[in-house]
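Student: I have a model open and would like to go through it with you. Could we begin with how the chains meet?
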Amino acid sequence: MSEENPPIGESIGWKSKEISTLSQVSSEDVKKAKALVEEESPKLSEILDAK
Amino acid sequence: MPSPTPPRRFTYNDRAMRFQDATTKQFVSEATLRSEFEAFSKAVGERISKLTQGLYGGSMRVDAWQTEVADLVRSLHVSAAALGAGGWNRMTPSVRGRVGQRLRFQYERLEDFAKGIADRIVSEPQAIARGDMYANAGYGSWQEEARAQAIISGKRQERNILGAAEHCSQCVEETNKGWVKIGTLVRIGARICLANCRCRYLFQ
């Protein structure tokens with residue numbers, strides 16, 4: 001760890017209930033994942049577009 | 001000027017539980033899937049590393065880092081589940097629910113991780129190494145979703161196949177059990193080798 005630049009701030013402090021809500025996966029999350037795969041791995045994206 | 005190569009089309013064969021080329025009907029090899037998924041996981045790991053470097057470089061606060069890492073981890077596990085389920089079109093509420101259960105575990109650890117960073121218990125090299133583990137953990141979501149699909153499709157037995165990696169004693173133990181009732185082997189990612197596990201299941 002750099003002594004000159006220690007991390008700034010605190011963790012969000014998620015509680016169990018917040019984690020339950022946060023870990024729910026929506027169709028919007030699927031769209032975001034799809035966009036990331038398209039950007040990072042076009043071939044994997046073609047495969048996952050399977051009909 | 002040559003026209004760009006059109007994208008290949010794939011279908012998912014439910015019976016074989018495999019992707020195949022829509023034109024040639026040739027199955028996509030396990031090696032291809034592994035190679036593509038590992039490359040994608042690595043790219044996600046590099047994004048996490050960059051965020052972590054920004055955090056220790058002073059350009060990002062811990063809470064913002066935590067939010068961005070959580071988003072990447074979510075996209076990684078959702079993509080992994082899509083690979084296990086047969087593609088984006090098969091991301092049903094049930095599949096999404098199973099991903100959510102796995103994400104819950106990841107987020108509980110991420111909160112502890114962020115606290116450790118904020119409390120200056122975790123050094124930058126440690127944080128980068130631990131970030132790689134989050135990227136490695138996506139593989140388990142792929143294998144576990146494939147297992148869930150096998151159960152849904154009526155498969156009754158499973159066996160462990162060792163991956164092309166160093167094997168922990170527990171993976172060898174699970175492999176030596178041979179064919180067992182489906183759902184009884186210790187989950188990939190929950191063994192001694194944790195997120196480094198690259199074993200897979202066979203089903204019948």
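Student: How much area do chain A and chain B bury between them?
Tutor: In this predicted model, the two chains, A and B, bury about 4,200 Å² between them, and 64% of that lies on carbon and sulfur atoms.

Student: How many residues does the contact take from each chain?
Tutor: Chain A gives 39 residues and chain B gives 55 residues.

Student: And how many salt bridges are there between chain A and chain B?
Tutor: The count is 3 salt bridges. One of them joins the side chains of Glu39(A) and Arg47(B), at 2.8 Å from N to O.

Student: Which helix of chain A gives the most to the side that touches chain B?
Tutor: That is α2(A), with 10 residues. By class, this side of chain A has 17 nonpolar, 12 polar and 10 charged residues.

Student: Turning to chain B alone, at what angle do helix α1 and helix α2 pack?
Tutor: Helix α1 (residues 30–57) and helix α2 (residues 62–85) of chain B pack at about 175 degrees, and their axes are 10 Å apart. Because angles over 145 degrees count as roughly antiparallel, α1(B) is described as roughly antiparallel to α2(B).

Student: Which residues make that contact?
Tutor: From α1(B), they include Phe37(B), Phe40(B), Val44(B) and Arg47(B). From α2(B), Trp65(B), Glu68(B), Leu72(B) and Leu76(B) are among them. Arg47(B) is thus named here and also in the salt bridge with Glu39(A).

Student: What is the make-up of the α1(B) and α2(B) contact by class?
Tutor: It has 14 nonpolar, 3 polar and 2 charged residues.

Conventions. Residues numbered from 1 in each chain as written. Chains lettered and ligands numbered in written order. Predicted model: local features only at pLDDT ≥ 70, side-chain atom pairs only at ≥ 80, totals over all residues. Heavy atoms only, no water. Contact = heavy atoms within 4.5 Å. Buried area = accessible area lost by both parts, 1.4 Å probe. Salt bridge = Lys/Arg side-chain N within 4 Å of Asp/Glu carboxyl O. Helix = DSSP H or I, 4+ residues; strand = E, 2+ residues; numbered from the N terminus. Nonpolar A, V, L, I, M, F, W, Y, C, P; charged D, E, K, R; others polar. Axes fitted to C-alpha atoms, helices over the stretch in contact; angles between N-to-C directions. Parallel < 35°, antiparallel > 145°, perpendicular 65-115°, else oblique.
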